[in-house]
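User: I am a first-year student and should like a close look at one part of a protein structure. Please explain it step by step, and then place it in the rest of the chain.

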Amino acid sequence: MKFLVTVGIALALLTLESVVVKQAGLVLGRIDVTVVLVAFLALRATLLEGAFSAFAVGYLLDLMSGQPTGLFTFLAVFTFLVGRLVSTFVDVRGGLSFALFAMGADVGHGLLAAFFTWLTVKDGGTAPALAGLPLQVALTGLAALALFPLLRRFEAAQDRPAGLLR
């Protein structure tokens with residue numbers, strides 16, 4: 001059930017992100033809500049559940065981005081695994097520490113996306129992506145601050161036992 005909730009949240013947030021980015025007129029930057037979800041999964045989900053959810057979130061981003069197919073699917077799972085590794089060394093409990101964690105994940109995600117795009121695209125259009133990376137990381141940090149309470153609420157709702165008697 002957590003997998004389906006994560007996919008539903010990712011689809012809703014990607015739709016909202018595309019509308020906000022278009023209405024705000026952002027050309028070089030975007031709000032990377034998928035990295036926020038993957039970072040939260042790295043901190044809270046089990047390995048198998050998180051990897052499947054990260055795969056699905058990355059696949060949804062692949063479908064909506066127009067980038068080479070499989071790029072964001074791979075990067076979401078890779079970001080999840082690296083986030084799991086990093087989470088053993090850092091303590092992320094509050095909203096501010098989660099925002100910093102998500103911003104760090106977004107830096108790595110953005111740099112790897114630019115690198116793999118540079119490898120696969122003939123015209124080498126990675127300069128605009130790198131130029132917009134600081135704005136993207138800042139917007140992702142703000143989104144992480146805003147989404148952290150919501151994600152924790154969904155996590156708490158999923159941990160409640162089902163049934164009439166609680």
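Which residues do ring pairs link into a cluster?

Analyst: The structure is a predicted model, and the cluster in question consists of Phe74, Phe78, Phe115, Phe116 and Trp118, linked by ring pairs. In total, the structure holds seven aromatic pairs.

Consider the pair formed by Phe74 and Phe78. The centres of these two rings are 5.8 Å apart and their planes meet at 20°, so the pair is stacked; the cut-off for stacking is an angle under 30 degrees. Both residues belong to helix 4, and because they are four residues apart there, about one helical turn separates them. Are these two rings buried, partly exposed or exposed? Phe74 has a relative accessibility of 43% and therefore counts as partly exposed. Phe78 has a relative accessible area of 36% and is likewise partly exposed. The reasoning rests on the limits used here: buried means under 20%, exposed means over 50%, and partly exposed lies in between.

Another aromatic pair offers a useful second case. Phe40 and Phe98 are arranged edge-to-face, with 5.9 Å from centre to centre and 85° between the planes. This pair links distant parts of the chain, since Phe40 lies in helix 2 and Phe98 in helix 5, 58 residues apart. Phe40 is buried, with a relative accessible area of 8%, and Phe98, at 0% relative accessibility, is buried as well.

Phe98 leads on to the nonpolar core. The largest such core has 37 residues, and the members that touch the most others are Val33, Val36, Phe98 and Leu151. At least two residues of this core come from each of helix 1 (2-24), helix 2 (33-44), helix 3 (47-65), helix 4 (71-87), helix 5 (95-120) and helix 7 (133-159). Helix 2 provides the largest share, eight residues. Val33 shows which parts of the sequence are brought together: apart from neighbours within four places in sequence, it is in contact with Leu13, Leu14, Glu17, Ala143 and Leu147.

Helix 4, which holds the stacked pair, can also be followed through its surroundings. Ala42, a residue of helix 2, is buried at 2% relative accessibility. Leaving out residues up to four places away in sequence, Ala42 touches Phe80, Gly83, Arg84 and Ser87. In addition, the C-alpha atoms of Ala42 and Val82 are 8.2 Å apart in space, although the two residues are 40 residues apart in sequence.

Two further residues illustrate how other helices are placed. Gln136 is in helix 7 and is buried, with a relative accessible area of 9%. Setting aside neighbours within four places in sequence, the contacts of Gln136 are with Arg30, Asp32 and Asp106. Lys2, in helix 1, is partly exposed, with a relative accessible area of 31%. The C-alpha atoms of Lys2 and Phe154 are separated by 9.1 Å, while the residues themselves are 152 apart along the chain.

The wider setting is as follows. The chain has seven helices and zero strands, giving the pattern α-α-α-α-α-α-α along the sequence. Of its 166 residues, 39% are buried. Among contacts between residues at least 6 apart in sequence, 73% join residues at least 24 apart. The accessible surface amounts to about 9300 Å², and 71% of it belongs to carbon and sulfur atoms.

The UniProt record, an unreviewed entry, places the feature "transmembrane region" at residues 34-59, 71-90, 96-121 and 133-151. In the model, residues 71-90 are 85% helix and 0% strand, with end C-alpha atoms 27 Å apart. Residues 133-151 are 100% helix and 0% strand, and their end C-alpha atoms are 24 Å apart.

Finally, the confidence of the prediction should be noted. The average pLDDT of the chain is 85, and 89% of the residues score at least 70. Among the elements of the chain, helix 4 has the highest mean pLDDT, 94, and helix 6 (residues 127-131) the lowest, 72.

Methods. Residues are numbered from 1 along each chain as its sequence is written. This is a predicted model: local features need pLDDT of at least 70, side-chain atom pairs count only at pLDDT 80 or more; totals for chains, interfaces and linings use all residues. Side-chain values use heavy atoms; hydrogens and water are left out. UniProt positions are given in the numbering used here, feature names are shortened, and annotations may be inferred rather than shown by experiment. A nonpolar core is a set of buried Ala, Val, Leu, Ile, Met, Phe, Trp, Tyr and Cys residues joined through side-chain atoms within 4.5 Å. Buried means under 20% relative accessible area, exposed over 50%, partly exposed in between (1.4 Å probe, protein chains only). Contact means heavy atoms within 4.5 Å. Accessible areas come from the Shrake-Rupley method with a 1.4 Å probe; for residues, only the protein chains shown count as cover. Rings of Phe, Tyr and Trp (its six-membered ring) pair if their centres lie within 6.5 Å; planes under 30 degrees apart count as stacked, over 60 as edge-to-face and the rest as tilted. pLDDT is the predictor's confidence in each residue, from 0 to 100.
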